[in-house]
Amino acid sequence: MFPTCTPIMVHVAPFSRILAVLCLTFCGCVHAAGDDTISTDRPDFVESSQVVGRGRVQLETSVQWDRQRSDASRERTFSTPTLLRIGVGESTELRIETDGRTVVHASSSSSGVRANTAGYADSAVGVKWHLADQQDRQASLGLLLHADLPSGSRELRGHGVRPSLRLAAEWDLAQDLSFGIMPGVAVDRGDDNRRYGYGILAATVGKEFDERVRGFVELAAPQIARASSGGTQASFDTGLTYLIDKDIQADFLLMHGLNRRTPDLSVAIGLSVRM
């Protein structure tokens with residue numbers, strides 16, 4: 001199945017330092033690899049139901065470019081989405097996730113005024129539990145609990161702690177096909193500091209072309225909300241993963257937004273490494 005995307009008030013500008021410290025801390029616990037291959041949550045939106053395994057550390061990072069255009073304005077965003085997964089049990093992993101270094105170029109179509117924003121995005125901390133393996137028609141299941149924290153640069157920081165809960169369900173099918181679906185719920189805060197809830201739903205179909213190359217198509221709604229709460233975001237995306245070896249995977253993502261609240265075009269290139 002294809003894998004595949006904030007402590008409080010802690011600035012995450014040196015996010016790479018955090019990753020380095022955690023990797024050094026846990027690498028001493030890494031067990032010898034078997035014949036299994038890396039399973040990532042990148043590059044699609046639907047998360048994998050699998051965890052990395054006890055004593056393993058897995059880093060999934062990328063560079064991403066988004067473009068959003070309307071009659072009134074244009075916006076281009078460069079970011080570095082990164083996920084660190086740390087196996088603390090055979091069915092449990094800890095997670096630290098961020099969009100990392102982020103640069104936004106915005107311009108008004110009518111006035112021609114341009115504005116640039118650069119900084120570091122909020123980070124999220126979370127945990128994933130692998131609940132069940134696939135058996136006949138029973139899906140492989142994983143449960144993810146995350147909390148986005150207001151830890152980024154002032155211009156990019158969200159409001160308060162924003163929790164989310166998602167369920168990843170996966171099926172391996174005939175003809176080297178796979179299917180995954182991920183419903184969820186989350187809570188956010190608006191600029192007026194008012195809390196609101198929203199839904200999450202995405203589905204993906206994957207195809208294994210050979211032992212190294214896999215592809216997928218996906219429909220994703222990372223936010224399903226009323227217009228007064230930011231509205232619904234929806235996209236169609238497709239991509240490929242390439243297994244360099246059993247512990248390293250490269251990926252490519254192309255996404256098209258389906259409404260005006262979603263970037264109309266996104267491109268991402270990623271690399272995932274398991275230790």
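# Exercises on salt bridges and strands

Asp-36 and Arg-56 form a salt bridge (a side-chain nitrogen of Lys or Arg within 4 Å of a carboxyl oxygen of Asp or Glu), with their closest N and O atoms 3.8 Å apart. This pair links distant parts of the chain, 20 residues apart, and both residues sit in the loop between α1 (15-27) and β1 (57-69). The model is predicted: local features need pLDDT of at least 70, side-chain atom pairs count only at pLDDT 80 or more, and totals for chains, interfaces and linings use all residues. Residues are numbered from 1 along each chain as its sequence is written, and side-chain values use heavy atoms, leaving out hydrogens and water.

**Exercise 1.** Decide whether Asp-36 is buried, partly exposed or exposed, and do the same for Arg-56.

Solution.
1. Buried means under 20% relative accessible area, exposed over 50%, and partly exposed in between (1.4 Å probe, protein chains only).
2. Asp-36 has 35% relative accessibility, so Asp-36 is partly exposed.
3. Arg-56 has 4%, so Arg-56 is buried.

**Exercise 2.** Find what the salt bridge between Arg-54 and Glu-90 ties together.

Solution.
1. The closest N and O atoms of Arg-54 and Glu-90 are 3.9 Å apart.
2. Arg-54 lies in the loop between α1 and β1, and Glu-90 in the loop between β3 (82-89) and β4, so the pair ties together parts 36 residues apart in sequence.
3. Arg-54 is partly exposed at 47%, while Glu-90 is exposed at 55%.

**Exercise 3.** Place the salt bridge of Arg-85 and Glu-60 in the structure.

Solution.
1. The N to O distance between these side chains is 2.8 Å.
2. Arg-85 is in strand β3 and Glu-60 in strand β1, 25 residues apart. Helices (H or I, at least four residues) and strands (E, at least two) are DSSP runs, numbered from the N terminus.
3. Both Arg-85 and Glu-60 are buried.
4. Arg-85 and Glu-60 also belong to a network of salt bridges, whose other members include Asp-41, Lys-128 and Arg-166.

**Exercise 4.** Work out which strands β7 (residues 123-132) pairs with.

Solution.
1. Two strands pair if DSSP finds at least two bridges between them.
2. Seven bridges join β7 to β4 (residues 92-98), antiparallel; Glu-97 has Ala-124 of β7 as its bridge partner.
3. Nine bridges join β7 to β8 (residues 140-149), also antiparallel; here Gly-126 stands opposite His-146 in β8.
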